[in-house]
Amino acid sequence: MLFFVDTANLDHIREAAELGILDGVTTNPSLMAKEGITGEKEVLKHYRQICEIVGKDRDVSAEVISIDFKGMVAEGKILAELHENIVVKVPMTREGVKAIAHFTEEGIKTNCTLVFSAGQAILAAKAGASYVSPFIGRIDDTGWDGMKLIKDIFEIYGTAGFETAILAASIRNPLHIIQAAKAGADVVTCPLSAILGLFNHPLTDIGLEKFLADYNKANG
Ligand code: E4P
């Protein structure tokens, strides 16, 4: 299972990369805006910086802003030419699916975002998306079961033989990561805080303290 960090914050990306377990990054227009990145030139510069931080062969999802096919294709082409790590992130709409099918023909990797149902996941896979992004947390927020969607997509893709990777998105906490792994997600994309949360266990802290105390006692 791959670990992506879901942020446009360069310090968080660096910190995740330094852990040695980072496989990629996802961003979205809200995350870019949160970092104050505005204007085409700045946005492209920021994506390039992210790609350089994560290094070779690590996918970085960069989302198109256009909502029409022509605009998505034009934007996606610029993004894809920016760096070999770039995966063009496209929303789950009719125009989006058309654009994904076009990018698939052109050999450009895509991430179909804003997926909230198994039917939408089937459409993304049919269009040849490299990744499908079901939004777990946002489904949970509505009182529905986000993880059930991951399980359904895993079952459908296995049965139908779709090769699109399941990228569990909108992850809010460490438990989401564990559940997504159990449900068959190929990738989890999460805030750095959720990844760091996986480290925590009081028995590890107590155990380490005892080991060091015993060592110090024995060695003066
Ligand atoms: C996915 O690629 C999105 O960027 C992200 O996971 C959305 O998460 P949110 O619901 O926490 O905004």
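Is cysteine 51 buried or exposed, and what is its relative accessible area? Cysteine 51 is buried, at 1% relative accessible area; here buried means under 20%, exposed over 50% and partly exposed in between, with a 1.4 Å probe and protein chains only.

A quick note before the views: this is a predicted model, where local features need pLDDT of at least 70 and side-chain atom pairs count only at pLDDT 80 or more, while totals for chains, interfaces and linings use all residues. Residues are numbered from 1 along each chain as its sequence is written, and side-chain values use heavy atoms, leaving out hydrogens and water.

**View 1. Cysteines 51 and 112, with no disulfide to show.** A disulfide is a covalent bond between the sulfur atoms of two cysteines. The rule used here asks for a pair of cysteine sulfur atoms within 2.5 Å, and the count comes to zero. For cysteine 51, the closest cysteine sulfur belongs to cysteine 190, and at 19 Å it is too far for a bond. Cysteine 112 has cysteine 190 as its closest partner too, but the sulfurs are 20 Å apart, again too far. Cysteine 112 is buried, with a relative accessible area of 0%.

**View 2. Phenylalanine 4 meets tyrosine 131 edge-to-face.** A pair of aromatic rings is described by the distance of the centres and the angle of the planes. Rings of Phe, Tyr and Trp (its six-membered ring) pair if their centres lie within 6.5 Å; planes under 30 degrees apart are stacked, over 60 edge-to-face, and the rest tilted. The model has three such pairs by this rule. In this one, the centres are 5.8 Å apart and the planes are at 70 degrees. Phenylalanine 4 sits in strand 1 (residues 2-6) and tyrosine 131 in strand 6 (residues 131-134), so the pair links distant parts of the chain, 127 residues apart. Helices (H or I, at least four residues) and strands (E, at least two) are DSSP runs, numbered from the N terminus. Phenylalanine 4 is buried at 1%, and tyrosine 131 is buried at 7%.

**View 3. Tyrosine 157 and phenylalanine 162 make another edge-to-face pair.** Their ring centres are 5.5 Å apart, with 80 degrees between the planes. Tyrosine 157 counts as buried at 5% relative accessibility, whereas phenylalanine 162 is partly exposed at 23%.

**View 4. Lysine 98 parks its charged end over phenylalanine 69.** The charged end is 5.2 Å from the ring centre. To qualify, NZ of Lys or CZ of Arg must be within 6 Å of the ring centre and within 35 degrees of the ring normal. Also in this view are lysine 70 and alanine 99, 29 residues apart in sequence but 8.1 Å apart in space, C-alpha to C-alpha. Lysine 70 belongs to helix 4 (residues 69-82) and is exposed, at 67% relative accessibility.

**View 5. Salt bridges on strand 3, at aspartate 59 and glutamate 63.** A salt bridge is a side-chain nitrogen of Lys or Arg within 4 Å of a carboxyl oxygen of Asp or Glu, and the count comes to nine. Lysine 109 bridges to aspartate 59, with the closest N and O atoms 2.8 Å apart. Lysine 109 comes from the loop between helix 5 (94-106) and strand 5 (110-115), and aspartate 59 from strand 3, 50 residues apart. Lysine 109 is partly exposed at 38%, while aspartate 59 is buried at 11%. Glutamate 63 and lysine 89 also form a salt bridge, at 3.8 Å, N to O. Glutamate 63 is in strand 3 and lysine 89 in strand 4 (residues 86-91), so this pair ties together parts that are 26 residues apart in sequence. Both glutamate 63 and lysine 89 are buried.

**View 6. Arginine 172 holds a salt bridge to aspartate 141.** The N to O distance is 2.9 Å. Arginine 172 lies in the loop between strand 7 and helix 9, and aspartate 141 in helix 7 (residues 136-141), 31 residues apart. Arginine 172 is partly exposed at 40%; aspartate 141 is exposed at 54%. Serine 170 is found in the loop between strand 7 (165-168) and helix 9 (174-183), with a positive phi near 55 degrees. Serine 170 counts as buried, at 9% relative accessibility.
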